[in-house]
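Notebook open, structure loaded. I want to look at one helix and its surroundings, then step back to the whole chain.

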Amino acid sequence: METEEVFCPSAEDIERWMDSAFDMAREALQNGEVPVGCLLVYRDQVVGKGRNEVNETKNATRHAEMVALDQLLDWCGRCGLDVSATCRRTALYVTVEPCVMCAAALRLFKLPLVVYGCRNERFGGCGSVLDVSAAERLKSGAAFRCVSGHRAEEAVEMLKMFYKQENPNAPKPRTRKD
């Protein structure tokens with residue numbers, strides 16, 4: 001039986017992977033999406049990466065983490081690797097705290113580590129709103145460790161830039177006819 005690896009990335013590793021996650025977030029911002037980017041890293045190799053694609057696809061579930069998880073599944077299939085075993089040795093690096101939906105998916109996939117930039121005070125699933133990452137009462141998945149605050153100010157500034165601009169995908173307001 002294989003022993004579980006303990007994830008303790010170095011400060012240099014965290015900075016390197018967060019650099020790439022921020023590149024994905026900038027790409028999302030340039031494409032009219034909420035600027036969130038993430039990477040899934042397995043044994044020092046990117047096996048999934050994503051940026052928000054909600055507006056582009058008109059699919060509310062296409063958060064950066066979900067896009068990256070889909071890529072991880074494809075990668076495991078192409079490489080003939082067991083998804084569960086791979087996920088237990090994979091870390092997620094993301095610019096914004098995963099929402100409750102994404103945190104639940106990460107827990108189901110049994111990822112052991114999530115490193116994120118800023119907190120998500122409206123939808124955060126790693127403690128800001130609900131702590132899906134460590135909730136003992138959840139029957140499925142495995143708790144994961146969160147490391148927060150890496151370049152949080154930069155992540156917040158990108159979010160502010162997005163919310164200051166006009167969202168071309170927002171529904172047009174309707175005026176009431178009496």
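I started by checking burial along α5, in what is a predicted model. Cys102, Ala103, Ala105, Leu106 and Arg107 come out buried in this helix. I noted that an arginine, Arg107, is on that list.

Next I asked what covers the buried residues of α5. The cover includes helix α3 plus two strands, β3 (90-96) and β4 (113-118).

I then took the α3 pairing on its own. I get α3 as residues 64-79 and α5 as residues 100-109, with axes that come within 10 Å and cross at roughly 25°. The cut-off for roughly parallel is under 35 degrees, so α3 counts as roughly parallel to α5.

Which residues meet there? From α3 I listed Glu65, Met66, Leu69 and Leu73; from α5, Met101, Cys102, Ala105, Leu106 and Phe109. Sorted by class, this contact holds 8 nonpolar residues, 1 charged and no polar ones. Cys102, Ala105 and Leu106 from α5's side of the contact also sit on my buried list.

I also looked at what comes right after α5. Lysine 110 follows the helix, and its phi is positive, near 65°.

Stepping back, I counted 6 helices and 5 strands in the chain. Read from the N terminus, the order is α-β-β-α-α-α-β-α-β-β-α. The chain has 178 residues, and 43% of them count as buried. For contacts between residues at least 6 apart in sequence, I get 61% joining residues at least 24 apart.

Last entry, the surface: the chain exposes about 10100 Å², with carbon and sulfur atoms supplying 52% of that.

Key
Residues are numbered from 1 along each chain as its sequence is written. This is a predicted model: local features need pLDDT of at least 70, side-chain atom pairs count only at pLDDT 80 or more; totals for chains, interfaces and linings use all residues. Side-chain values use heavy atoms; hydrogens and water are left out. Axes are lines fitted to C-alpha atoms, for helices over the stretch in contact, and angles run from 0 to 180 degrees between N-to-C directions. Helices (H or I, at least four residues) and strands (E, at least two) are DSSP runs, numbered from the N terminus. Angles under 35 degrees count as roughly parallel, over 145 as roughly antiparallel, 65 to 115 as roughly perpendicular and the rest as oblique. Contact means heavy atoms within 4.5 Å. Ala, Val, Leu, Ile, Met, Phe, Trp, Tyr, Cys and Pro count as nonpolar, Asp, Glu, Lys and Arg as charged, and the others, Gly among them, as polar. Buried means under 20% relative accessible area, exposed over 50%, partly exposed in between (1.4 Å probe, protein chains only). Accessible areas come from the Shrake-Rupley method with a 1.4 Å probe; for residues, only the protein chains shown count as cover.
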